[in-house]
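Dear colleague,

Please find below the structure I agreed to hand over. My notes on its annotated site and its internal cavities follow.

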Amino acid sequence: MFMRIDRLQAELPAPKRADPNAAAALQELLGGKYGEMSTLGNYMFQSFNFRSKSKLRPFYSLVASITAEELGHVELVSNGVAMLANGPDQGLDTEDGGDISGAPFEAMKDIRSAASFFSANGGALPVNSNSMSWNADFVTTTGNVVFDLLHNFHLECGARLHKLRVYESLTDPTGREVCGYLLVRGSVHAHAYALALKKITGVAIEKMLPVPNIPLGNIPECQKYLQEGSHRRLYRFSPEDYSEMAGIWEGEQALPGDPPGELEVVDGLPEGGKIHQLEGVPSAFSPDYAPEEMLEIATKLYKASR
């Protein structure tokens, strides 16, 4: 089972302005080949299909706990996308639809991912930066623990490389913060899968790390997470379960170039940050009604249905 907490895994700063094209770029980290939908889908179905759980419990616990974190990563990126598309809060929820005859959203027809506005009002969707749908072909779950762990290592390395490229394309603090946090956590997951492969095969794949070579010390948005030790932590995301992964994530030092320290398994989940409230834009939703009227109508419909 999964437990949901009404917070994001990291605190995101508010965007400086509405930037739907930046939101589209960030979509690559959600629905791209190496995006969070892919990491979630791989680890989730691998954990569901895991063979010999009792015999290979530390490896199952590792994949299962990272699955829970990836759910939060999907939520984090989705919030970043919606925030960038929406821009700073400006109190628009209090306005009516206004005069729409002047084409107030004329610019939206020219944005890179126009469908994200026309269909989702600027919200996140399971698509990549060109609005191509994420699909299940990106999921690998073979039932062979070594093959799956090796695939996961490759997936995390590819994800880190793509996060860096998206980071280098953004200037707004919201998108860069998403990338900075995920670069640190992606390093943790790549390191964890490398250590798991070493435990089960004896091959020191961690000597390939960091792959790709991304020195986090050079990325400003990574610094606070490195200073607090996030690069050395795996979270159980559970009050009681998955402690067995400490048999894999233990004793080693942090990756070269990161602040040193022993690896640790942390009970529960990170403190995280608030979920920003996105302001509504009535003219982009239903110009004949103000939001409070829509709420009144919905309330009447709900009462009538009972």
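Which side chain does the side chain of His73 join through a polar contact of 3.3 Å? The partner is Gln9. Please bear in mind throughout that the model is predicted.

**The annotated site**

His73 belongs to a set of positions that UniProt, in an unreviewed entry, records as "binding site": Glu36, Glu70, His73, Glu156 and His189. These residues span 154 positions in sequence, yet no two of their C-alpha atoms are more than 13.0 Å apart, so they gather at one spot.

Two of the annotated residues were examined individually. His73 lies in helix H4, which covers residues 57-86, and Glu36 lies in helix H3, residues 36-49. Is Glu36 buried or exposed? With a relative accessible area of 2%, Glu36 is buried. His73 also counts as buried, at 2% relative accessibility.

Leaving aside residues up to four places away in sequence, His73 touches Gln9, Glu36, Tyr181, Leu182, Arg185 and His189. On the same basis, the contacts of Glu36 are Leu29, Leu30, Glu70, His73, Val74, Val77, Lys163 and Leu182. Glu36 and His73 thus touch each other, and Leu182 appears in the contacts of Glu36 and in those of His73.

**The cavities**

Rolling a probe the size of a water molecule over the atoms shows where empty space is left. The structure holds three cavities of 30 Å³ or more; the two described here are the largest and the second largest.

- Largest cavity: the space amounts to about 90 Å³. Its lining includes Gln46, Asn49, Phe50, Arg51, Val145, Asp148 and Leu149. H3 and helix H6 (145-167) each supply at least two lining residues, and H6 gives the most, with three. By class, the lining has five nonpolar, five polar and two charged residues.
- Second largest cavity: the space amounts to about 50 Å³. Among the residues that line it are Pro20, Ala23, Ala24, Val81, Ala85, Ser113 and Gly122. Helix H1 (20-26) and H4 each contribute at least two residues to the lining, with the largest share, three residues, coming from H1. This lining has five nonpolar, five polar and no charged residues.

Two helices therefore recur in these notes. H3 holds Glu36 and supplies at least two residues of the lining of the largest cavity. H4 holds His73 and supplies at least two residues of the lining of the second largest cavity.

With kind regards

Technical notes: Residues numbered from 1 in each chain as written. Predicted model: local features only at pLDDT ≥ 70, side-chain atom pairs only at ≥ 80, totals over all residues. Heavy atoms only, no water. UniProt positions renumbered as here; feature names shortened; annotations may be inferred. Helix = DSSP H or I, 4+ residues; strand = E, 2+ residues; numbered from the N terminus. Buried < 20%, exposed > 50% of the residue type's maximum accessible area, 1.4 Å probe, protein only. Contact = heavy atoms within 4.5 Å. Polar contact = N/O pair within 3.5 Å; in protein donor to acceptor, adjacent residues only side chain to side chain. 1 Å grid on protein atoms, 1.4 Å probe; cavity = no way out; pocket = protein on both sides within 12 Å on 5 of 7 lines; lining within 4 Å. Points joined across faces, edges and corners; volume = space filled by probe spheres on them. Nonpolar A, V, L, I, M, F, W, Y, C, P; charged D, E, K, R; others polar.
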